[in-house]
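Please open the structure in your viewer and keep the selection panel at hand, since this tour moves from one selection to the next.

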Amino acid sequence: MLNKFKKTLKRDWPFLLMLLPGVILTAIFSYGPLYGIIMAFQDFNPGLGFAGSKWVGLDNFRLIFKQAQFLNTIYNTFFISIMKIIFQTLASVVFALQLNEIRNNGAKRLFQTIVYIPNFVSWVIMAGILLNLLATDGIVNQMLKVFGAKPVQFISNRKVFPWTLIFTDMWKTFGFGTVVYLATMTSIDPELYESAIIDGAGRWKQTLYITLPMLVPIIILMTVLALGNVLSAGFDQVYNLYSPVVYPTGDIIDTYVYRLGLQNGKYAIGTAVGLFKSVVSTVLISTSLIIAYKTANYKVF
Amino acid sequence: MSKKWLSLLIALAMMLTVFSALADFTPVPVGSTGNGTREYVEPPEGDWKTPYSEIVNIRTVKGQGADVVFEAGESQSNNEWTRAWYNDLGIEVTYDWIDEGNTQYTQKLNMTISTGNLPDVFRVNYIQFRQLMKAGLIQDLTEVYNKYTSQRIRDYEKTDPDTIKLTTIDGKIYGIPIYYYGVIDNPRYMWVRKDWYEEEGSPEIKTVEEFEKLAKTIVEKHCSYAISVDNTLDYLFMTGPMFNVYLGQPSQGNYFWYKDDTGRIKAGIAHPEFKTALEYWAKWYQDGILSPDFMNYDYNGMNEELVTGRAAFQPFYQWQGWLNGPNLVAAQNSNDAYMIPLQFPTVDGSQVLGQVGFPNADVIVVSKDCKNPAAAMKLLSYTDYIMFDPNTVLTDEQFKGFTDGQREHVPGAFEILDPQADMIQFEHVLKAIKTGDTSELFTSGMKKKYSDSISWINEKNTGGLGAFCQQGFDGCSYDLAKYLLDNDYVKRTDMWGPTPEAFDETVNTMDIISTGVSEIVMGIRPVEDYDQILADWYAAGGQIMEDAVNEEYNK
Amino acid sequence: MKYKSTGQRVFNVINYILVILVCLTCFLPLLNTLAISFSAPSYVASGQVYFLPKGFTTQSYEFAINNGKFLRAFLVAIERCVLGVSINLFMMITTAYPLSKTKKQFAARNFFMAFYAFTMLFGGGLVPWYILMNNLHLLNSIWALVLPLSVPVSNMVILMNFMRNLPPEIEEAAMIDGAGYFRILVSILLPVLKPSLATVGLFSFVYHWNDWFQGALFMNNPNNYPLQTYLQTLLTNFRDILRQSGSDYYSLLSRMNEQTGRAAQLFLGLVPILVVYPFVQKYFTTGLVMGSVKG
């Protein structure tokens, strides 16, 4: 046993040595402050510190989970996040496929760069633009009118609002996915297509049987990473677009907790909710990793 | 040697120490420790202005606007204030940290408190005050307050006897309120486009009906709808006094508390007349007095509607002139296209009351480890002496040094305000504008507001509109407020102090109200549903809050 | 020239039109922001600015720059980025390489992977973080901004997967020549890793450049604020500046407002990215793709 250990150590020491600086810093700066989690179980008083503050057990959790509104925000958060992941992936893949059909490399690169741009615009500014575009007499509704549709209250109609969030987010962020997926497509071995053409496959079949399957691993990576954040459905976006009338469908966990902080600087409840989010994210991410590994033998970590 | 000689020698020696100390004023950069002593020094005999014989070091922290500008070669640790404290009081002030922009002050202070390394003097909110009391980290200031603060500051208690009681525990003072510029800045108004209002002959608006008539006439002639409000409902709620209800700010989760006929304190949203307000608001939404899109407007959107000339009215605070004045005049290309305040009309035409909330936000406290609390009191008195005492005579140079470039906010934790300041300021400014005699403008605020107003009046410089609308003419916002205050047409909140601790047992109860109210206003639900909404609010924590407020403020 | 059917041509035309339409909708917001940052506030406040500046003024930029503080904050930001990116890259390389090995090659691999994955999900919050900084005497020092997140885990994973997807022959050949892991990493892998390093390096650069919160939290002296922290404080105070309206601000008021200021801030933040991005772009795609998943 000890011998085996020594042998392994003799072989692995360069790896351990390489890891050392990162591990030390991570241990200090990421693991060091972890004890802060106990705040979730305390009536935290900065003056008394972590050691002196009163223990309240699960009171913070009880208080927050007793609220029907909070449970509602959990549902909203999941719904909005998951829809965002789905639509963002769809939009990115479709647009990447479209770009892939363009043979002019200069144009391709230009288009790619342009769709990436909205990623750089902050939600504060984007919200300002969107609120104008989506007003009852805004451009979008004027266009709908041309087609004979009734004006839609994108921002203040409770049923529409979550979809407003999902589609505006899709529009703002799909460029990143497009860059990634397009790059994957260009790295596909051309021989695969050539042999497909010999077999008589058209463009559509090539896409279906070669391009898409080659995209799967990276879609999995992106989705897994996104799932880790599924409980953060985009604070900046929601905060800058929502209003009380759409709280029932548009309020997410982070905006709800933010409003808590306005009232009384409720550190402990914030920490409790944070811990809850961490645990749920862990479960989700582990599950998706296991599924990816078991079904397709993909390893992310 | 005779006794006389000896005392003379000692006096000389003492003077030398003081002078040598004065000579080597060395600024200590933010985040470093000072050179003065931190041990106990017997406070000098005489009034608060007598300097310490040995330089005393006081550590503090502050949050400060990013707009403070220093003269060339000066800094946070070397400026008119720090030098004056050093030279006039014998106190060296050093900063553990400064939060420029004042966005993270509360956060940083909480974290600093958690490290256990407290500054000597600092500013806290009431939640932090409560926590520090519980932890026993701040000291009893009763004795030093009575002995080493100026009479002027102690006289603030005459203007406002209630506020300091909140930090007086078992007869001992643990915190000094920073006070405020005055309740004169509390009441809100219905601001109206001046040019359009005058076109209708500046009618006196006493009743809501008259208001609606005026609104409709103006809308017909000029704009898309009448009142611009935003989706937080904060500004719609400001119109409460029109219906004899007084409301808080939904976006901040706070309520206005009033005593009902039975003597019980209740939230404004529970007032029976609130349903009248809802009826009117819903009607306004239908009739186009409110925008069909008001739920789309955030703060900027709300103001944009006014600047573009799509709306004519805005319920707002006394400082509306700064907010929309310059943009409006520029966008409408007319020197008459700014807004002026009107008193709110009421349903029955009765006198409207000015809404006054609890104005004090912060408290100045001294760490229990501080050996020289008297120094803190001297520093407070000094700020008041420079900023508000009419008997203080400063040279132009000193005056500039203390107040130019927003430097009046340099004292930070020692910045105490005269609760009469804005009232006195307004009286002096308006008088100077009317008479042209500027000799009685003795504070920086007065000089600034006066010259701002004059620059609008004479040169049509839009930068001066804010001050002008606040203080510059008969009918300006402070003029309206003064009328309300002088005649005691005032509705003070019955929760005169911070929210009780039991509020911590509730979460986001305001959501129920703001969602429900917006639905009613938009016609999605009938007004009758409000009973149910209110019942839900009580069940979700409203009851806890109401009980707690009565427990604490209705003894 | 390949033969193209009519259907193919029609498809291409429609495809082009769609792509261009999408690009237009994506491009316009940025143009709008740029226009706002150069416009007079009255036009902005009345919603008249679309894609060209109206009442052209550079006041919003001058407001930020015409101040001794700007240059200082800019230099702090540069210092932070140089230090931060170097540290991040070093840590990511030395962490990703061992973790790119299989469990057979490196016995403790999965333990360390879990060690890092955990930090992606759990954190202790701000208060203990601050206490730690205080105890380590890092407050008010540039190290408080670059040491805490020295191993950005999700970027490290990208680099790790890139290494895993390299043909094993590269290393094997070197092994046979008797090279140790350190030599392999430095002289053989590093040159090959260029695309991936450029990609994660850019991510880490963007993070350090744009983060304002840590600066506000850990710097005691405002003189040490990095650029984005400084710009943030300027903007959050704009309304106070309005209200207190000193004589200095007279002319300012007619030439800028919060909206134009924020738009200008956004662009000041973008400049370095726009400068660096073209150099990195050619690596960007390869770096990301090969760093995706070990199949």
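Begin by selecting B:M190, which stands opposite B:L342 in β11(B). Keep in mind throughout that this is a predicted model.

Now widen the selection to strand β7 (residues 189-193) of chain B, which is joined to β11(B) by 4 bridges, the two strands running antiparallel. Add β10 of chain B as well, and you will have an open sheet of 3 strands in the order β10-β7-β11, with antiparallel pairing. Because β10 (313-316) and β11 (339-342) of chain B stand at the edges and each has a single partner strand, one side of each is left without a neighbour in the sheet. If you turn the view, you can follow how neighbouring strands of this sheet are turned against each other by 30° on average, direction ignored.

Next, select helix α3 (residues 105-115) of chain B, where 9 of the 11 residues are buried, so that the helix is largely enclosed by the rest of the structure. Among the buried residues of α3(B) are B:Y105, B:L109, B:M111 and B:I113. Step just past the end of α3(B) to find B:G116, which takes a positive phi of about 85°.

Finally, show chains A and C together, whose contact takes 60 residues from chain A and 58 residues from chain C. On the side of chain A that touches chain C, the elements giving two or more residues include α1 (2-31), α4 (68-100) and α14 (267-296) of chain A. Colour α1(A) before you leave, as the largest share of that side, 12 residues, comes from α1(A). By class, this side of chain A has 38 nonpolar, 19 polar and 3 charged residues.

Key: Residues numbered from 1 in each chain as written. Chains lettered and ligands numbered in written order. Predicted model: local features only at pLDDT ≥ 70, side-chain atom pairs only at ≥ 80, totals over all residues. Contact = placed C-beta atoms within 7 Å. Nonpolar A, V, L, I, M, F, W, Y, C, P; charged D, E, K, R; others polar. Buried ≥ 20, exposed ≤ 12 C-beta atoms within 10 Å, placed from the backbone. Pairing = 2+ DSSP bridges. Axes fitted to C-alpha atoms, helices over the stretch in contact; angles between N-to-C directions.
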